Amino acid sequence: MTQPIFILGGAQSDFSRNWSRDGKGIFDLIRETFLDGLEATQLDASEVETVHVGNFVGELFCGQGLLGGLLPHVHPGLDGVPSMRHEAACASGSMAALAAGAELEAGRYGLAAVLGVEMMRNVPGETAAEHLGAAAWVGREARDATYLWPAMFSQLAETYAERYGLDEAHLGAISRKNFDNAKRNPAAQTRRWTFDEGFFARDDITNPVIEGRMRKSDCGQVTDGAAVVFLASSSIAEAYARRRGLSLEDIPRIKGWGHRTAPLLFQTKLDRSGEGYLFPWVRRAIEDAYARAEIPGPEALDAIETHDCFSITEYMALEHFGLTPPGEGFRAVDERRTELGGATPVNPSGGLIGLGHPVGATGVRMLLDAFRQTAGRAGDYQVDGARTVATYNVGGSTTANACFVVGT
């Protein structure tokens with residue numbers, strides 16, 4: 001960032017809630033979450049100057065587009081406020097945050113709301129899988145798969161196995177960690193779930209194969225959910241802090257960001273990856289964020305919220321963040337560095353596997369959790385002394401890559 005963008009706070013919905021079963025739709029999800037965010041930050045809707053919405057496939061799941069037009073129905077104070085929607089599959093929320101930050105940096109506005117939302121549990125599972133397949137090159141990849149994304153990320157696991165070797169017990173350990181962390185999170189989709197010991201083993205009965213190497217325990221959750229954060233320029237944040245008797249230095253800010261786009265086809269990515277890091281675009285996005293935040297690397301991070309749509313995605317991210325050299329992600333797992341209480345806890349919130357994955361909301365939710373950690377407001381999943389937290393959000397098969405570094 002050329003100037004600091006402050007995070008004043010926000011809110012997320014209860015990711016365990018099935019909104020259609022409650023007789024509610026995407027507007028209700030947006031309305032309740034946005035109003036909860038205003039209450040949490042003690043902001044008035046009339047203070048919001050611009051709104052950016054992250055959403056992937058509202059038209060397919062809900063038959064609803066033009067989501068910004070719903071906001072004046074949320075609160076009369078939002079009538080006339082400019083809004084726009086952003087789409088980059090599972091990274092849609094991060095794109096909304098990047099665009100909002102750019103508007104604040106340009107001086108167009110001083111206070112932006114960033115809302116991420118997806119409603120996904122209102123259709124059968126196979127229909128949901130078809131809708132989510134829009135983030136791949138339709139008709140050109142995973143054509144024989146029943147569940148496209150488990151098949152695609154199974155291919156990632158196969159690639160790791162071929163290049164470096166892969167012990168799937170490490171994938172089970174990642175999933176177990178994230179489900180355990182989710183039990184501490186009062187908004188997590190799986191917080192009340194219980195598991196037989198065999199669920200994390202490669203057992204066809206207790207942990208059935210979904211596609212290829214991806215079993216049930218490896219998969220993130222199909223989730224209804226929304227999250228909102230409020231971003232502010234320095235002058236607005238300073239006034240906000242003064243009114244509330246706070247110090248500006250105690251308000252978390254976006255210190256750095258990275259954004260890179262890779263070819264849409266997964267096989268093309270593999271063909272172009274070369275030696276070293278499997279996905280150079282992922283590594284560049286993270287390095288860009290480190291550089292803009294003026295930190296040397298992962299040793300400056302107190303925690304990470306990363307995209308674990310599948311356990312193998314988190315495994316890959318461990319290396320691309322620089323926690324281990326390429327091909328050695330298993331070392332961070334074996335040494336328990338990524339667990340709560342470890343050197344660099346990863347997904348203390350529970351991540352997409354434990355907390356849930358409402359696609360368009362995930363990037364915003366990650367920013368909210370980075371805010372909570374660095375503001376000391378993460379409750380039972382607080383990382384002690386967290387001052388600097390990074391996020392990494394994926395769209396498609398690492399096609400869209402977004403990374404933020406948040407700190408005080």
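A salt bridge here is a side-chain nitrogen of Lys or Arg within 4 Å of a carboxyl oxygen of Asp or Glu. This is a predicted model, in which local features need pLDDT of at least 70, side-chain atom pairs count only at pLDDT 80 or more, and totals for chains, interfaces and linings use all residues. Residues are numbered from 1 along each chain as its sequence is written, and side-chain values use heavy atoms, with hydrogens and water left out.

Me: How many salt bridges does the structure hold?
Reply: Side chains of opposite charge can pair when their charged atoms come close. The total for this structure is 19.

Me: How far apart are the closest N and O atoms of R202 and E168?
Reply: The two side chains meet in a salt bridge. R202 lies in the loop between α7 and β5 and E168 in helix α7, so the pair ties together parts 34 residues apart in sequence. Helices (H or I, at least four residues) and strands (E, at least two) are DSSP runs, numbered from the N terminus. The N to O distance is 3.2 Å.

Me: Is E168 buried or exposed?
Reply: Buried means under 20% relative accessible area, exposed over 50%, and partly exposed in between (1.4 Å probe, protein chains only). R202 is partly exposed at 25%. E168 has a relative accessible area of 17%, so E168 is buried.

Me: Which residues are linked with R202 and E168 in a network of salt bridges?
Reply: R202 and E168 form a salt bridge with each other. Their network also takes in E158, R213 and D218.

Me: Which residue forms a salt bridge with R191?
Reply: The closest N and O atoms of the pair are 2.9 Å apart. R191 sits in the loop between α7 (168–182) and β5 (209–211), and its partner sits 177 residues away, in the loop between β1 (5–12) and α1 (26–41). R191 is buried at 16% relative accessibility, while the partner is partly exposed at 29%. That partner is D14.

Me: What is the relative accessibility of R331, which meets E328 in a salt bridge?
Reply: The N to O distance between R331 and E328 is 2.9 Å. E328 counts as partly exposed at 26%. R331 also counts as partly exposed, and its value is 38%.

Me: Which residues does T399 contact, leaving aside neighbours within four places in sequence?
Reply: T399 lies in the loop between β10 (388–395) and β11 (400–407). At 11% relative accessibility, T399 is buried. Contact means heavy atoms within 4.5 Å. The residues in contact with T399 are R260, T261, A262, P263, L264 and K269.
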